[in-house]
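Biologist: I have a model open and would like to learn how to read it. Could you walk me through it, feature by feature?

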Amino acid sequence: MYVLLLKTQLKPGSFAAFMDAMHVNAAASLRDEPGCLTFDVMRDRSDPDRVWLYEVYVDEAAFEAHTQTAHFLASRPLVEPLIEAQEAIEADMLAFNPAR
C-alpha cells in the first residue's frame, strides 16, 4: 500500500476555508475511489494553522488516479492559495489496522 503524509502550514486565518474544501475532497475520495482506503485530516495541537493529511491507497497508481479526479482537481484552486508551505512524506505500509 502507498501512504502519503502531508504536513501543511496554512496561512493565518485560512483554516475554515481550507477545511471546507478538504471535507469535500476527503469524503469524495473515500466514497468514489475504490483505491483510497484512508483520507484523514488532522489539526496540529501545537499550531492551529498546521494541518496533517494522512492518505492510504492500495498502490501508487491509485494515488495517481486520485490526482486526476474531478473532486481533487476542483479542490486545488481552493486550497493552494491558503497554503504557506507543505512537506510530503511517501511511505510503504507495513501493517494496516483499519477501524473496527
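Biologist: Let me start with the contacts in the protein with a separation of 6 or more: what percentage do residues 24 or more positions apart account for?

Modeller: Happy to help, and please keep in mind that this is a predicted model. Residues 24 or more positions apart make up 70% of those contacts. As for the elements, there are 3 helices and 4 strands, and from the N terminus they run β-α-β-β-α-α-β.

Biologist: Which radius of gyration would a compact globule with 100 residues have, and what does the protein have?

Modeller: The idea is to compare the model with a reference value. A compact globule with 100 residues would be near 13 Å, and the protein has 13 Å, so the two agree. Along the principal axes, the C-alpha atoms fill a box of roughly 35 × 30 × 25 Å. Burial is another thing to look at: 42% of the 100 residues count as buried.

Biologist: Now a single helix. What should helix α1 span, and how far apart are its end C-alpha atoms?

Modeller: Here the reasoning starts from the rise of 1.5 Å a residue: the 18 residues of α1 (residues 15-32) should span 26 Å, and the end C-alpha atoms are 25 Å apart, which agrees. Next, look at its buried residues, among them Phe18, Met19, Ala21 and Met22. The buried residues of α1 pack against β1 (2-10), β2 (36-43), β3 (50-57), α2 (60-66), α3 (70-79) and β4 (83-92).

Biologist: In the largest nonpolar core, which residues touch the most other members?

Modeller: That core has 19 residues, and Phe18, Met22, Phe39, Tyr57 and Val79 touch the most other members. At least two residues each come from β1, α1, β2, β3 and α2, and α1 gives the most, with 5 residues. To see one of these contacts up close, take Val79: leaving out residues up to four places away in sequence, Val79 touches Phe18, Ala21 and Met22.

Biologist: How many aromatic pairs does a search of the whole structure find, and by what is such a pair described?

Modeller: A pair of aromatic rings is described by the distance of the centres and the angle of the planes. The search finds 2 pairs. Tyr2 and Phe63 form a tilted one, with 5.3 Å centre to centre and 35 degrees between the planes. This pair links distant parts of the chain, as Tyr2 is in strand β1 and Phe63 in helix α2, 61 residues apart. In the other case, Tyr57 and Phe63 have ring centres 5.4 Å apart and planes at 65 degrees, so that pair is edge-to-face. Together, ring pairs link Tyr2, Tyr57 and Phe63 into a cluster.

Biologist: Are the rings of that cluster on buried or exposed residues?

Modeller: Relative accessibility settles this, with under 20% as the cut-off for buried. Tyr2 counts as buried because its value is 6%. Phe63 is buried too, at 13%, and Tyr57 is buried at 0%.

Biologist: Where does Arg43 lie?

Modeller: Arg43 lies over the face of Phe15, at 3.5 Å from the ring centre.

Biologist: One last residue: is Glu60 buried or partly exposed?

Modeller: Glu60, in helix α2, counts as partly exposed because its relative accessibility is 43%. Leaving aside neighbours within four places in sequence, Glu60 is in contact with Tyr2 and Glu90. Try checking a separation yourself: Glu60 and Glu84 are 24 residues apart in sequence and 26 Å apart in space, C-alpha to C-alpha.

Key: Residues are numbered from 1 along each chain as its sequence is written. This is a predicted model: local features need pLDDT of at least 70, side-chain atom pairs count only at pLDDT 80 or more; totals for chains, interfaces and linings use all residues. Side-chain values use heavy atoms; hydrogens and water are left out. The expected span of a helix is 1.5 Å times one less than its number of residues. Buried means under 20% relative accessible area, exposed over 50%, partly exposed in between (1.4 Å probe, protein chains only). Contact means heavy atoms within 4.5 Å. Rings of Phe, Tyr and Trp (its six-membered ring) pair if their centres lie within 6.5 Å; planes under 30 degrees apart count as stacked, over 60 as edge-to-face and the rest as tilted. A charge sits over a ring if NZ of Lys or CZ of Arg is within 6 Å of the ring centre and within 35 degrees of the ring normal. A nonpolar core is a set of buried Ala, Val, Leu, Ile, Met, Phe, Trp, Tyr and Cys residues joined through side-chain atoms within 4.5 Å. The radius of gyration is taken over C-alpha atoms; the globule rule is 2.2 Å times the number of residues to the power 0.38.
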